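Me: I would like to go through this model with you. Short questions, short answers, please.

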Amino acid sequence: MSDLSRRDFGIGALTAGLAVSPFRVSAQQEPRYGGTLVATLGGGEPQACYVPAGGGPSPIFSSSKLLERLARHRMDGAFEGELAENWQPAADFRSYIVKLRGGVTFHDGQDLTGADVVYSVLEIWKRYADPSALAALAGIDAKEPDTVVFRFDKPAPPFFFASLLSGSANYVVPRHLYAGSDPAGNPANNAPIGTGPWKFKRWVRGSHFEFVRNETYWRRGLPYPDRLILRYVGDPAGRAAALEAGEIQIGVLTPVDLSDIERLVATGRLVATSKGYEDRVWATTLECNLRHPILGRREVRQALFHALDRDAIARTIYRGYGRAGTSPIFSANTAFFTDDIYRTDFDPGKAAALLDEAGFPAKGTAGRFTLDLVAAGWFAANGRVGAYVKQALEDVGIGVALSVPDRAASIRRIYADYDFDLAISNQSNPSEPVPTTTRYYTTDGIRQGVPFCNASGYSNPELDALVEKIKVETDPAQRRQLVAEFQQIVTRDAPLLPLVELDTITLAGIRVRNHSNAPDFAAASWHDVWLAD
């Protein structure tokens with residue numbers, strides 16, 4: 001690991017004045033074998049070690065150490081094969097030939113074959129993990145034990161296809177253990193058998209998973225530690241104490257309160273980095289319900305965003321661990337982000353003028369109109385953001401009734417009952433915009449009762465047609481231009497925009513080396529992490 005860079009601590013840590021105890025690893029130092037790596041995450045224990053539908057960050061964190069994907073996304077933005085040695089598209093991009101890596105076995109000794117891939121795609125990916133992305137899949141066949149052919153109804157762009165192969169929940173599972181069962185209820189989910197660098201040993205419920213080195217791993221000589229323990233501590237303060245005491249060596253997905261990061265780094269025993277989340281940037285968003293007659297007016301929605309100081313939200317509520325959001329494609333997405341968009345920067349005067357022009361003049365203490373604001377209660381910070389939004393909108397003459405329901409009630413009100421005018425929510429978008437990002441804005445994303453889709457009711461035939469073009473455009477430069485146009489339309493129409501792009505933080509003991517080296521590090525296999533003396 002080289003000297004810690006400014007990027008290692010992210011905008012937030014720099015703003016917070018994070019104290020660092022720099023260290024250097026000699027270029028001659030070789031990775032060390034042995035030891036036990038103990039890890040945790042900013043979240044609770046999963047319902048199963050592996051959840052076919054993904055299940056959120058916690059089961060993906062645990063399952064990704066045991067199960068592997070066909071491809072992986074690198075920090076430099078390129079894709080490379082994992083269980084796939086390579087893949088090649090047909091001339092019309094309606095099919096792809098995937099060549100599997102030879103000599104790969106599951107933890108029980110069975111060989112990996114194309115039949116495992118076919119089963120995983122049809123019975124896991126298409127049914128549970130990534131059904132929207134696979135809507136155009138016409139079929140998949142194992143032509144040889146080491147060759148699989150994907151067939152699509154429409155052209156599948158290369159970036160889309162590589163993103164599909166490397167999707168966070170798109171693992172290859174052993175067909176011989178899953179075929180004929182309900183994958184969601186298969187007992188193997190609690191003790192997965194995969195091809196990864198770690199083998200399941202035991203699950204002490206309420207405490208930890210214990211994994212051991214896979215001695216027959218296809219990446220010869222890896223992993224380095226003898227054991228990997230995934231420990232679950234129920235609260236951020238407890239995780240902070242365990243990290244400070246050295247009982248846990250690494251914590252991902254912001255395992256502690258933001259207020260504790262500077263203090264822990266100042267001990268000289270831990271480092272903090274926001275690297276390793278480029279593919280999974282979380283954002284806090286504001287969504288407008290266009291079913292409300294006032295919010296159906298574009299100039300009113302633009303005024304709302306002009307009334308909000310997103311830099312102040314990042315600086316105060318998130319203690320500088322984030323930056324103002326501008327676009328539905330987040331700034332860490334080097335493949336598709338553009339700043340050539342319609343901007344709704346903080347300008348209360350412009351907000352007031354837009355509201356006046358829309359026919360909603362200020363009426364003294366009576367205000368212009370009143371809106372119901374729901375701040376989703378799954379993150380404590382959402383309530384504080386809601387309180388700020390309430391005050392900022394009241395400053396331009398809009399009355400706000402704020403509520404902060406719990407997780408279940410928030411999902412019901414926002415995504416099932418559409419019982420909100422404005423909603424503070426959160427989303428995490430991968431580099432590939434289709435369908436995870438686009439479904440918040442397309443008409444077919446309006447799916448009542450389905451969380452984290454288009455709850456605003458925004459429907460724009462121009463945008464829908466543009467997204468259909470993005471889905472099938474195979475020229476990378478042309479596709480980037482189409483995604484730029486998508487961002488321009490959405491930021492102009494403003495049905496849902498990010499308020500803050502959040503810095504997700506990893507805290508690691510100074511003995512932990514080669515961490516944070518993948519753009520979705522928490523969901524990586526950790527095959528090359530090691531412990532120094």
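Me: Which elements are included in what covers the buried residues of helix 6?
Reply: This is a predicted model. Helix 6 spans residues 236-245, and its buried residues are Arg 239, Ala 240, Ala 242 and Leu 243. Their cover includes one helix, helix 7 (258-266), along with several strands. Those strands include strand 1 (36-41), strand 10 (227-231), strand 11 (250-252), strand 12 (270-273) and strand 19 (506-509).

Me: Why do the buried residues of helix 6 line one face of the helix?
Reply: The buried residues are Arg 239, Ala 240, Ala 242 and Leu 243. In an α-helix, residues three or four places apart point the same way, because there are 3.6 residues a turn. Viewed down the axis of helix 6, the buried residues line one face because they fall within an arc of 165 degrees.

Me: Is Leu 253 buried or exposed?
Reply: Leu 253 sits in the loop between strand 11 and helix 7. The cut-off for buried is under 20% relative accessible area. Leu 253 has 19% relative accessibility, so Leu 253 counts as buried.

Me: What is the phi of Leu 253, and what is the phi of Thr 254?
Reply: Most residues other than glycine have a negative phi. Leu 253 is not a glycine, yet its phi is positive. Thr 254 lies in the loop between strand 11 and helix 7, and Thr 254 also has a positive phi without being a glycine. The values are about 60 degrees for Leu 253 and about 50 degrees for Thr 254.

Me: How far apart in space are Thr 273 and Ala 135?
Reply: Thr 273 belongs to strand 12. With 5% relative accessibility, Thr 273 counts as buried. In sequence, Thr 273 and Ala 135 are 138 residues apart. From C-alpha to C-alpha, the distance in space is 37 Å.

Me: Which peptide bond is cis in the loop between strand 9 and strand 10?
Reply: Most peptide bonds are trans. The loop between strand 9 (208-213) and strand 10 holds Pro 223. Omega is near 0 degrees for the cis bond from Leu 222 to Pro 223.

Me: Where is Pro 435, and which residue does a cis peptide bond join to Pro 435?
Reply: Pro 435 is found in the loop between strand 17 (422-429) and helix 13. Omega is about 0 degrees for its cis bond. The residue joined to Pro 435 is Val 434.

Me: Why is helix 13 roughly antiparallel to helix 14?
Reply: Helix 13 (residues 461-472) and helix 14 (residues 476-493) pack with their axes 9 Å apart, at an angle of about 155 degrees. Angles over 145 degrees count as roughly antiparallel. That angle therefore makes helix 13, relative to helix 14, roughly antiparallel.

Me: How many charged residues are in the contact of helix 13 with helix 14?
Reply: Helix 13 contributes Glu 462, Leu 463, Leu 466, Val 467, Lys 469 and Ile 470. Among the helix 14 residues are Arg 479, Glu 485 and Arg 492. The contact has nine nonpolar residues and no polar ones, and the charged count is five.

Me: What is the handedness of the crossing where helix 8 passes helix 10?
Reply: The axes of helix 8 (residues 298-306) and helix 10 (residues 348-357) come within 8 Å. They cross at roughly 160 degrees, which means helix 8 is roughly antiparallel to helix 10. The crossing is left-handed.

Note on methods:
Residues numbered from 1 in each chain as written. Predicted model: local features only at pLDDT ≥ 70, side-chain atom pairs only at ≥ 80, totals over all residues. Heavy atoms only, no water. Axes fitted to C-alpha atoms, helices over the stretch in contact; angles between N-to-C directions. Helix = DSSP H or I, 4+ residues; strand = E, 2+ residues; numbered from the N terminus. Parallel < 35°, antiparallel > 145°, perpendicular 65-115°, else oblique. Contact = heavy atoms within 4.5 Å. Nonpolar A, V, L, I, M, F, W, Y, C, P; charged D, E, K, R; others polar. Buried < 20%, exposed > 50% of the residue type's maximum accessible area, 1.4 Å probe, protein only. Arc of directions from axis to C-beta. Left-handed = near helix turned anticlockwise from the far one by under 90°.
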